[in-house]
Amino acid sequence: MKLDNASVVVTGGASGLGRASAERLAARGAEVVIVDLPTSAGSDVAEAIGPNVRFAPADVSNADQVEAAVAAAADRAPLRGVVHCAGRGGTVRLVDREGQPGSLETFAAVVNTNLFGTFNVLRFAAAAMAGNDEVDGERGAIVLTASVAAYEGQIGQIPYAASKAGVVGMTIVAARDLSSKLIRVCTIAPGVFDTPILGRMGEDARARLYGAVPHPRRLGNAGEFAQLAENILDNPMLNGETIRLDGGLRMGPK
Ligand SMILES: NC(=O)c1ccc[n+]([C@@H]2O[C@H](COP(=O)([O-])OP(=O)(O)OC[C@H]3O[C@@H](n4cnc5c(N)ncnc54)[C@H](O)[C@@H]3O)[C@@H](O)[C@H]2O)c1
């Protein structure tokens, strides 16, 4: 996909996988809009990446805020790409240490950000893209972010795994739904990547995480995620699929 004279929204772009995607797409000449929480470093990150990157503060699960962020992006150039990385963790055991049922509030909060937020971004982005002129047979492409936890969630990951499995499930439906509008949808399911969350862990804890990766036995770099996100935007035959990006990792129960 041609990305010059186009805008691209990168949610979660203030940090980690989203930031690397914003950097890569900005280097391609796209008008990049980082959509992230108002409390994030989005404004500083946008300024640090370059003049073709702006920040639109929004919680991805908030309808008005996402509508405004997408409108801000489409205002400068047609919105042709989305890399949706915003997401959060949160653990729940079905029976907690005191023998009480696990927290419904935590479950709902994780699903709200990761699954409802994904639907919210998809619908506003698709509505904006649907009004674009066709270029090389398409109007836009959207990359969602799941996790290998969608397939092999570990103990405690029940809200996270459920929310990410929902993202995997919506991928083919969204691609079918938007096919008549010439918009593609794919999802990346990362394994373990070196982002600020993991950066705060000690080396032992990090090594335990990547020790189960067959090859290459290390954490993924955010740039490797960004590379695949760009490939998906570029390749018109990629549609409706979730691609694991995990070095062959299959997570154990804990
Ligand atoms: N890093 C990994 O190993 C890994 C593995 C599998 C999946 N993922 C997924 O990749 C995505 C990015 O993860 P990351 O490691 O870069 O994390 P990160 O914490 O570095 O970045 C996530 C960004 O999302 C933003 N965000 C969180 N909730 C938001 C909301 N409601 N609205 C708007 N922005 C919000 C945060 O402010 C942050 O800037 C997430 O969806 C995560 O679940 C990451």
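These exercises work through a predicted model, from its core to its backbone exceptions.

**Exercise 1. The core**

Find which residues have the most contacts inside the largest nonpolar core, and which helix gives that core its largest share.

*Solution.*
Step 1. The largest nonpolar core has 73 residues.
Step 2. Those with the most contacts inside this core are Val8, Val9, Val32, Ile34, Val70, Ala125 and Val143.
Step 3. Helix H4, residues 104–129, supplies the largest share of the core, nine residues.
Step 4. Now take Ile34. Beyond four places in sequence, the contacts of Ile34 include Val10, Ala22, Val45, Val53 and Phe55.
Step 5. For background, nonpolar side chains in soluble globular proteins tend to be buried together.

**Exercise 2. Two buried residues**

Decide whether Val143 is buried or exposed, and do the same for Ala20. Then list their contacts from elsewhere in the chain.

*Solution.*
Step 1. Place Val143: this residue lies in strand E5.
Step 2. Count its neighbours. Val143 has 26 other C-beta atoms within 10 Å, so Val143 is buried; the cut-off is 20 or more.
Step 3. Skip residues up to four places away in sequence. Val143 then touches Val82, Val83, His84, Cys186, Ile188, Ala229, Ile232 and Leu233.
Step 4. Look further along the chain. Asn239 is 96 residues from Val143, yet their C-alpha atoms are separated by 9.7 Å.
Step 5. Repeat for Ala20, found in helix H1. Ala20 has 24 C-beta neighbours inside 10 Å, so Ala20 counts as buried.
Step 6. Outside four places in sequence, Ala20 is in contact with Ala222, Gly223, Phe225 and Ala226.
Step 7. Glu224 is 204 residues from Ala20 along the chain; the C-alpha separation is 8.7 Å.

**Exercise 3. Helix H6**

Check the span of helix H6 against 1.5 Å a residue. Then say where its kink is centred and what covers its buried residues.

*Solution.*
Step 1. H6 runs over residues 158–178, which is 21 residues.
Step 2. The expected span uses one less than the number of residues.
Step 3. The expected span is therefore 30 Å, and the end C-alpha atoms are 30 Å apart, which agrees.
Step 4. H6 still has a kink of about 30°, centred on Met170.
Step 5. Its buried residues include Ile158, Tyr160, Lys164, Val167 and Leu178.
Step 6. The cover over the buried residues of H6 includes H4, E5, H5, E6 and E7.

**Exercise 4. The ligand shell**

State how many residues surround the ligand, and sort them into nonpolar, polar and charged.

*Solution.*
Step 1. The ligand is surrounded by 27 residues; the closest are Gly12, Ser15, Gly16, Gly87 and Thr195.
Step 2. H1, H4 and H7 are the elements that give two or more residues to this shell.
Step 3. H1 gives the most, with three residues.
Step 4. By type, the shell has eleven nonpolar, 13 polar and three charged residues.

**Exercise 5. Backbone exceptions**

Locate the cis peptide bond, then place Asn5 and Asp136, each with a positive phi.

*Solution.*
Step 1. Start from the rule: most residues other than glycine have a negative phi, and most peptide bonds are trans.
Step 2. His215 and Pro216 are joined by a cis peptide bond, with omega about 0°. Pro216 sits in the loop between H8 and H9.
Step 3. Asn5 has phi near 60°. Asn5 is in the segment before strand E1 and, with 13 other C-beta atoms within 10 Å, is partly exposed.
Step 4. Asp136 has phi near 50°. Asp136 lies in the loop between H4 and E5 and is exposed, with 8 other C-beta atoms within 10 Å.

Definitions and conventions
Residues numbered from 1 in each chain as written. Predicted model: local features only at pLDDT ≥ 70, side-chain atom pairs only at ≥ 80, totals over all residues. Core = buried A, V, L, I, M, F, W, Y, C linked by C-beta atoms within 7 Å. Buried ≥ 20, exposed ≤ 12 C-beta atoms within 10 Å, placed from the backbone. Helix = DSSP H or I, 4+ residues; strand = E, 2+ residues; numbered from the N terminus. Contact = placed C-beta atoms within 7 Å. Bend = angle between axes of the 7 residues up to and from the residue. Near = placed C-beta within 6 Å. Nonpolar A, V, L, I, M, F, W, Y, C, P; charged D, E, K, R; others polar.
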